[in-house]
Every structure is written in structure tokens, then in C-alpha cells.
Amino acid sequence: MHGQAEVLLPLVDRAMREAGQMAGALDLVVATVGPGSFTGIRVGLAAARGIALATGARLIGVTSFDAVAVLAVRNDWPETRSLLVALESRREDFYVQFFDPHGDALGEPATIMPFLLREAVAEAIGANPLLIAGDAAQRAAAALEQRPDTVVLEDSAPGAVGALHAGLRRLLRFGKAADAPGPLYLRSPDVTLPETRL
């Protein structure tokens, strides 16, 4: 998305006004750290840091995976169902992370090609029942080719509500906001440096 920096702060201002809140009332700022576009993550984190600095609010960074997982496990799914969060990378591969039924990560986030997903699921959770969530959930389910006991959670793209819940969960778990959350990149930026002439 072009013009992210220009539209972000007016959106925040409008959301605060609609909520009837003043900036000074903020106690906590939660921002997603990725994965996503190189520029989008940097713009979002810079804005969140600026808001936190200006208001004195605490700043917490959460991944987009956490933002999806925290809401997915709040649904009434069986306690034995593991969770795969699959996010769009805007390429052929997926961004993925596995979680246990309580929403705790089972490993690090990764990028994976669709034809390798079945093997990754088997390695991460074996034959356990699986819930797939995220904006690439349908594509991930198709890549798993009718895996038994697999459910797709519809309309589970990462969003502000999930990020807030993930931030509050992190705050309750660790008791304080982390220092200056950094970006989560799962691949190098698509940048071609110009050739230098000697």
C-alpha cells in the first residue's frame, strides 16, 4: 500500500475521536511487528513508538500470528485441537506458525511452500486435530488435501482487536511492556541496489 505514512496517523486520530478518547488517556499502545511488507512494518512501528513516546503509554509489539491465535483459541474448539496460523505472503508460499490448544507457540514462524505444508504439519503436531486460521487459511487447507479432522476458521485475518488481545495477554503474562519492539521479517526485502560505477 502506497502512502501508508500519510494515512496512518489520521486513521488513529479518527479512531480515538470515535471512541471519545483523548490521546492522554492512552495507557497502552499495541502494534503488530510482522510479518508483512518491509515498509508497512517499519511505518507502523515508527508510528506506534511516536504515539507511545508522546503520550507516555507503554508499547507492546505482537506478531500477526499472535493476533490471530489469541482470538482463535477463544472460540469453543476442543482442547485437543492444535492451531496452524497461515498468513498470506503475497507470493506462492505462506507465512506459518503452529500453536498448542492454549495459544502458546510450538515453534518459530516460518515461510513454507504449499507442497511442503503437509510434512510440516505432521512434524509439528502429528495426527492431532487441527484448526487453521489466518487470511491464508483456505489456501493452507487446500494444500493439506482433505487432511482428516481439520477445521478452517473463517474470517480470521489478523486485525486490531486480535492485536489488542494479544498485547494484553503478553502484558498479563510478563507483567511489563518489552523495550522497543523490533520488526519480524521472514524474508529479505525486495530491493535491488543500483550498480555502482568505479
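# Charged pairs, nonpolar cores and loops

Glutamate 18 is exposed, with a relative accessible area of 65%, and this residue offers a convenient place to enter the structure, which is a predicted model. The side chain of glutamate 18 meets that of arginine 14 in a salt bridge, with N and O 3.8 Å apart. Both residues belong to helix H1, where a spacing of four residues corresponds to about one turn of the helix. The pairing of aspartate 13 with arginine 17 follows the pattern of four residues and about one turn within H1, the helix that covers residues 4–18, and here the N to O distance is 2.9 Å. Aspartate 13 is partly exposed at 37% relative accessible area, whereas arginine 17, at 62%, is exposed. As a general matter, side chains of opposite charge can pair when their charged atoms come close.

The count of salt bridges comes to eight, and another of them involves residues that lie far apart along the chain. Aspartate 66 and arginine 170 form a salt bridge in which the closest N and O atoms are 3.3 Å apart. Aspartate 66 sits in helix H3 (residues 64–72) and arginine 170 in helix H6 (residues 160–174), so this pair ties together parts separated by 104 residues in sequence. With a relative accessible area of 18%, aspartate 66 is buried, while arginine 170 is partly exposed at 31%. Salt bridges also link Asp104, Arg169 and Arg173 in a network.

These pairs belong to a protein whose secondary structure comprises six helices and seven strands. Read from the N terminus, the order of elements is α-β-α-β-α-β-β-β-α-β-α-β-α. Of the 198 residues, 37% count as buried, and, among contacts between residues at least 6 apart in sequence, 62% join residues at least 24 apart.

Towards the start of this order, strand E1, helix H2 (residues 38–55) and strand E2 make a right-handed β-α-β unit. E1 (residues 28–32) and E2 run parallel and are joined by five bridges, and within this pairing leucine 28 has arginine 58 of E2 as its bridge partner. Because four of the five residues of E2 (residues 58–62) are buried, this strand is largely enclosed by the rest of the structure. The loop between E1 and H2 contains proline 35, which is joined to glycine 34 by a cis peptide bond with omega of about 5 degrees.

The next step leads into the interior. In soluble globular proteins, nonpolar side chains tend to be buried together. Here the largest nonpolar core has 17 residues, and those with the most contacts inside it are Leu84, Phe94, Val96, Leu117, Val121, Leu130 and Ile132. At least two residues of this core come from each of strand E3 (82–88), strand E4 (94–99), helix H4 (117–125), strand E6 (130–133) and helix H5 (137–143), and the largest share, four residues, is that of H5. Beyond its neighbours up to four places away in sequence, phenylalanine 94 touches a set of residues that includes Leu87, Ser89, Ile112, Leu117, Arg139 and Ala143. Apart from this core lies another, of 12 residues, among them Phe65, Leu83, Phe99 and Leu131.

Serine 89, one of the residues touched by phenylalanine 94, lies in the loop between E3 and E4. Although placed in a loop, serine 89 counts as buried, at 8% relative accessibility. Leaving aside residues up to four places away in sequence, serine 89 touches Phe94, Tyr95 and Arg187. The side chain of serine 89 makes a polar contact of 2.4 Å with the side chain of aspartate 93, and a polar atom of the serine 89 side chain lies 3.2 Å from the backbone nitrogen of arginine 91.

A further loop, between H5 and strand E7 (150–152), contains glutamine 146, and aspartate 149 is also placed between H5 and E7. Glutamine 146 has a positive phi of about 60 degrees although it is not a glycine, and aspartate 149, likewise a residue other than glycine, has a positive phi near 55 degrees. Glutamine 146 is exposed, with a relative accessible area of 74%, whereas aspartate 149 is partly exposed at 45%.

Notes:
Residues are numbered from 1 along each chain as its sequence is written. This is a predicted model: local features need pLDDT of at least 70, side-chain atom pairs count only at pLDDT 80 or more; totals for chains, interfaces and linings use all residues. Side-chain values use heavy atoms; hydrogens and water are left out. A salt bridge is a side-chain nitrogen of Lys or Arg within 4 Å of a carboxyl oxygen of Asp or Glu. Buried means under 20% relative accessible area, exposed over 50%, partly exposed in between (1.4 Å probe, protein chains only). A nonpolar core is a set of buried Ala, Val, Leu, Ile, Met, Phe, Trp, Tyr and Cys residues joined through side-chain atoms within 4.5 Å. Contact means heavy atoms within 4.5 Å. A polar contact is a pair of N or O atoms within 3.5 Å; within protein, one must be able to donate a hydrogen and the other to accept it, and residues adjacent in sequence count only if both atoms are side-chain atoms. Two strands pair if DSSP finds at least two bridges between them. A crossover is right-handed if, with the strands pointing away from the viewer, the path from the first strand over the helix to the second runs clockwise.
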